[in-house]
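User: Please take a close look at the aromatic side chains in this structure and describe how they are arranged.

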Amino acid sequence: MHIFTRFHDSTYKLAESIQWDSQSNRLFYCDIIGQSIHALDWNSKRRESWDFPKPVGSFGLCKDGGLVIAMGDEIVLFRTENGKQETIAHIESDNNRTRLNDGKVGPDGSFWVGTMDDTPAREPIAALYRVDASGNVHTIETDIRVSNGLAWTKEGTRMFHSDSSAGWVNTYDFDPKTGQPSNRARFLQLDNTLGRPDGATVDAEGNYWSAGVSAGNLNCFSPSGELIQSYAMPVPKPTMPCFAGPDMKTLVVTSLQPDTATLQKYPLSGSLFSMKADDYQGVEGFRFG
């Protein structure tokens, strides 16, 4: 039995990077392949959308109300009210095999974003970066196949990062003032049983919620890495969870559209799904700038 229900009546090719904006009472998310970002009003479900010229791997909310976007090989500042764009950085522009993927704003106000090998080979040619408010790019980790799973605890003192293809999740001690991660440690090693780690979030208790994209699950792990609960999703490819709503107690999960045969069996793939999470509460995201 699935306790997740469809959140609204739109489907996307590859919905991702879902995040709650308490200031506007809207749920933001992107369609990577559809090259678009969407904002859904929590009460009316009215949707506003913006299209872009390259795949939108991820994005973050800015302190000044705009968005910071990982678009293809560019980091772009975008004004939702007038559509103005400003490129502040290029990442791996000389590598036509990689593209920007999962990204989030960290406690230090920088945009943390990783790349991925965008070919079937999924070789360790990608990396994790920190892009500060001035557009300076700092390399954090290398030898990654598909960078994913970024999340920070409420206090901003612990950071999570995963590689979807390799199946691991690492944790770091994190200094919110300097943006410096340290003491990297293996947190999880996952396979197709629970699902390889895709997008993630952390709740107020420090539990790590990971979309098990290869097994159709949403997995919740304790701060020590113990499995608390594995929720079966109504579709086979969930991509990222997010706590949303004014009380931050509704879990909303994005998903992607798989191959044609699987899509015929699961026609709601690519939708957003939600459930009430009364025992858990999300934490406010950080803002760029």
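Analyst: The aromatic pairs come first, then a cluster and the charges over rings.

This is a predicted model, in which local features need pLDDT of at least 70, side-chain atom pairs count only at pLDDT 80 or more, and totals for chains, interfaces and linings use all residues. Residues are numbered from 1 along each chain as its sequence is written, and side-chain values use heavy atoms, with hydrogens and water left out.

The whole structure holds 17 aromatic pairs (rings of Phe, Tyr and Trp, the last by its six-membered ring, with centres within 6.5 Å; planes under 30 degrees apart are stacked, over 60 edge-to-face, the rest tilted). One of them joins tyrosine 12 and tyrosine 29 edge-to-face, at 5.3 Å centre to centre and 70° between the planes. This pair links distant parts of the chain, 17 residues apart: tyrosine 12 is in the loop between β1 (5–6) and β2 (15–21), and tyrosine 29 is in strand β3 (residues 26–31). Strands are DSSP runs of E, at least two residues, numbered from the N terminus. Tyrosine 12 is buried at a relative accessible area of 4%, and tyrosine 29 is buried at 0% (buried means under 20% with a 1.4 Å probe, protein chains only).

Tryptophan 152 and phenylalanine 174 also pair edge-to-face, at 5.8 Å and 70°. Here strand β14 (residues 147–152) supplies tryptophan 152 and strand β16 (residues 168–175) phenylalanine 174, 22 residues apart. Tryptophan 152 is buried at 5%, phenylalanine 174 at 6%.

Phe4, Trp209, Tyr231, Phe243 and Tyr280 form one aromatic cluster.

The charged end of lysine 45 sits over the ring of phenylalanine 7, 4.5 Å from its centre, and over that of tryptophan 42, at 5.7 Å (NZ of Lys or CZ of Arg within 6 Å of the ring centre and within 35 degrees of the ring normal).

Terms used:
Helices (H or I, at least four residues) and strands (E, at least two) are DSSP runs, numbered from the N terminus. Buried means under 20% relative accessible area, exposed over 50%, partly exposed in between (1.4 Å probe, protein chains only).
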